[in-house]
Amino acid sequence: MAVTASAVKELRERTGAGMLDCKKALDETNGDVEKAIAVLREKGLSAAANKAGRVATEGVVESYIHGGGRIGVLVEINCETDFVGKTDQFKEFARDIAMHIAAANPKYVRREEVPSDELEKEKEILKNQALNEGKPEKIVEKMVEGRINKYYEEYCLLEQPFIKDPDKTISTLLNEKISTIGENISIRRFARFELGEGLEKKQDNFVEEVMAQVNK
């Protein structure tokens, strides 16, 4: 199986490893990103993985309130030391993540958190869509795999394009901070609240409002 540029890009974003190392790992694993991550970790070439085993229990619970209290976010971001947790660089990162969550409205931090039943249901929907489009069954599986990646990009925080710089994902941003700061950093969990969520009401475009605030 030929290694695609998108697979190399995804592997780099998720591991922080160099482009050539990512290409070699994907060649070894026939283009399987998950197996390539394991290969890089075994070889000690994943910058983020080298620090991932270190305990990160310090950090901050950052809050962000938008629009006079119409959207609220709490996010816990961990680091290894209290010293780093108090630095302006770490606090700015936490603030950016909280604002991103307010605007992008993810459901999960990482793809591993997506419930298996929800994932299987989504795959079934995507499979039926592809078949209804008249696609041959032999390529439907590959199409579903590609569309599931789009699902992850929409709902998983680490795979979403960063609202301040859509050319990089939150995972890329996180790995950059890990490399710059020199400590393991983890986005552990978040909660997002929207006024009247779940109630029948007039629909306001809060996402556009948050984006406008971010881009000021």
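Glu 194 is partly exposed in this predicted model, with a relative accessible area of 21%. That value is not under 20%, so Glu 194 does not count as buried. If you want to find Glu 194 on screen, look in strand 5, which covers residues 186-194. Now check what sits across from it: the C-alpha atoms of Glu 194 and Gly 72 are separated by 6.5 Å, although their positions lie 122 residues apart along the chain.

Thr 15 makes a good second stop. You'll find Thr 15 in helix 1, and with a relative accessible area of 1% it counts as buried because that is under 20%. Try pairing Thr 15 with Ala 36: the two are 21 residues apart in sequence, and their C-alpha atoms are 9.9 Å apart in space.

Let's step back to the whole chain. The protein has 216 residues, and 40% of them count as buried. Its secondary structure comes to 10 helices and 5 strands. Pairs like Glu 194 and Gly 72 bring up the question of contacts across the sequence. Taking the contacts with a separation of 6 or more, 60% are between residues 24 or more positions apart.

On to the cysteines. Cys 22 is buried, with a relative accessible area of 0%, and Cys 79 is buried as well, also at 0%. What about disulfides? A disulfide is a covalent bond between the sulfur atoms of two cysteines. Counting pairs of cysteine sulfur atoms within 2.5 Å gives 0 disulfides here.

Last comes the empty space. Rolling a probe the size of a water molecule over the atoms shows where empty space is left. In this model, the largest pocket holds about 1,200 Å³ of space. Its lining is made up of 40 residues, and the ones nearest the centre are Glu 10, Val 33, Glu 145, Gly 146 and Asn 149.

Which element gives the largest share of that lining? Helix 8 does, with 12 residues. You can trace helix 8 along residues 137-155. Other elements that supply at least two lining residues each include helix 1 (5-15), helix 3 (33-43), helix 7 (116-132) and strand 4 (165-169). In terms of domains, at least three lining residues come from domain 1 (1-52), and at least three from domain 2 (115-152).

As for chemistry, the lining of the largest pocket has 18 charged residues, 14 nonpolar ones and 8 polar ones.

Conventions
Residues are numbered from 1 along each chain as its sequence is written. This is a predicted model: local features need pLDDT of at least 70, side-chain atom pairs count only at pLDDT 80 or more; totals for chains, interfaces and linings use all residues. Side-chain values use heavy atoms; hydrogens and water are left out. Buried means under 20% relative accessible area, exposed over 50%, partly exposed in between (1.4 Å probe, protein chains only). On a 1 Å grid over the protein atoms alone, a cavity is a set of points where a 1.4 Å probe fits but cannot get out, and a pocket is an open set with protein on both sides within 12 Å along at least five of seven lines; lining residues have an atom within 4 Å of a point. Grid points are joined across faces, edges and corners, and a volume is the space filled by probe spheres set on the points. Helices (H or I, at least four residues) and strands (E, at least two) are DSSP runs, numbered from the N terminus. Ala, Val, Leu, Ile, Met, Phe, Trp, Tyr, Cys and Pro count as nonpolar, Asp, Glu, Lys and Arg as charged, and the others, Gly among them, as polar. Domain bounds come from an automatic or database domain assignment. Contact means heavy atoms within 4.5 Å.
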